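Please look through the sequence and the model shown here before reading on. The paragraphs below are meant to be read with the structure open beside them.

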Amino acid sequence: AVVSTQSTGCLPAYVAWVESELEWFVAMFSRQVFPQGSVVGHGVAGECVAIALKHAEQLSSNGLDMRFLLHRLLHPGIAETLKRDHIQIMEASQLRAKEEYWKKVQYSRQSGETKQLDDLLKTYNVDLS
């Protein structure tokens with residue numbers, strides 16, 4: 001049903017009702033998509049938000065544009081998900097960096113590998129100077 005601008009008598013009540021329903025929807029949506037301590041990443045959350053925005057677009061095409069309210073209500077959950085993902089990525093990177101084992105290289109001595117490389121360079125007449 002398209003919202004008619006000719007019968008404006010009930011329109012403010014209708015908009016207020018839709019706003020309260022949208023707030024309820026976002027509260028339930030956020031519990032499922034942006035829960036605290038969740039392993040739901042930004043990819044899954046992004047797909048869910050895209051679906052919600054698609055339905056808001058359908059409302060807009062029927063004469064009731066509530067996308068601005070949906071964006072405002074979803075913003076805290078999206079921001080929190082991105083922060084949580086950022087922290088997880090940073091912690092994982094730090095952990096991986098600590099786990100890496102670097103070999104100490106002594107350039108002052110000629111090891112077996114560098115001797116082989118020097119021999120190959122001499123064999124093929126390659127001058128590095």
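What follows goes from the whole chain to the packing of two helices, then to the largest pocket, and finally to three individual residues.

The model is a predicted one, and its chain holds 4 helices and 0 strands. Read from the N terminus on, the elements therefore follow the order α-α-α-α. Of the 129 residues in the chain, 18% count as buried. When the contacts with a separation of 6 or more are taken together, 68% of them are accounted for by residues 24 or more positions apart.

A good place to begin with the packing is the pair formed by H2, which covers residues 42–61, and H3, which covers residues 67–99. These two helices pack at an angle of about 175°, and their axes lie 11 Å apart. Because angles over 145 degrees count as roughly antiparallel, H2 and H3 are described as roughly antiparallel to each other. By class, the contact of H2 with H3 is made up of 9 nonpolar, 4 polar and 3 charged residues. On the H2 side, the participants are His42, Ala45, Val49, Ala52, Leu53, Ala56, Glu57 and Ser60, while H3 contributes Arg67, Leu70, His71, Leu74, Ile78, Thr81, Leu82 and Asp85.

His42 can be followed further within this contact. The residue is found in helix H2, and at a relative accessible area of 47% His42 is partly exposed, since that class lies between the 20% limit for buried and the 50% limit for exposed. Not counting residues up to four places away in sequence, His42 touches Thr81, Leu82 and Asp85. The C-alpha atoms of His42 and Ile78 are separated by 8.0 Å, although the two residues are 36 residues apart along the chain.

The next feature is the largest pocket, and one may ask which residues line the largest pocket. Its lining consists of Tyr14, Trp17, Val18, Glu21, Leu22, Trp24, Phe25, Ala52, His55, Ala56, Leu59 and Leu70, and its volume is about 230 Å³. Helix H1, residues 11–33, and helix H2 each supply at least two residues of this lining, with the largest share, 7 residues, coming from H1. Sorted by class, the lining has 10 nonpolar, 1 polar and 1 charged residues. Ala52, Ala56 and Leu70 belong to the lining of this pocket, and these three residues are also among those listed where H2 meets H3.

Two further residues complete the picture, and Cys48 may be taken before the other. Cys48 lies in helix H2, and its 25% relative accessibility is why this residue counts as partly exposed. Leaving aside neighbours within four places in sequence, Cys48 is in contact with Phe29 and Val33. Cys48 and Phe29 are 19 residues apart in sequence, and their C-alpha atoms are 8.8 Å apart in space.

Glu23, in turn, lies in helix H1. With a relative accessible area of 35%, Glu23 is partly exposed. The C-alpha atoms of Glu23 and Leu73 are separated by 7.3 Å, and these residues stand 50 residues apart along the chain.

Terms used. Residues numbered from 1 in each chain as written. Predicted model: local features only at pLDDT ≥ 70, side-chain atom pairs only at ≥ 80, totals over all residues. Heavy atoms only, no water. 1 Å grid on protein atoms, 1.4 Å probe; cavity = no way out; pocket = protein on both sides within 12 Å on 5 of 7 lines; lining within 4 Å. Points joined across faces, edges and corners; volume = space filled by probe spheres on them. Nonpolar A, V, L, I, M, F, W, Y, C, P; charged D, E, K, R; others polar. Axes fitted to C-alpha atoms, helices over the stretch in contact; angles between N-to-C directions. Parallel < 35°, antiparallel > 145°, perpendicular 65-115°, else oblique. Contact = heavy atoms within 4.5 Å. Buried < 20%, exposed > 50% of the residue type's maximum accessible area, 1.4 Å probe, protein only.
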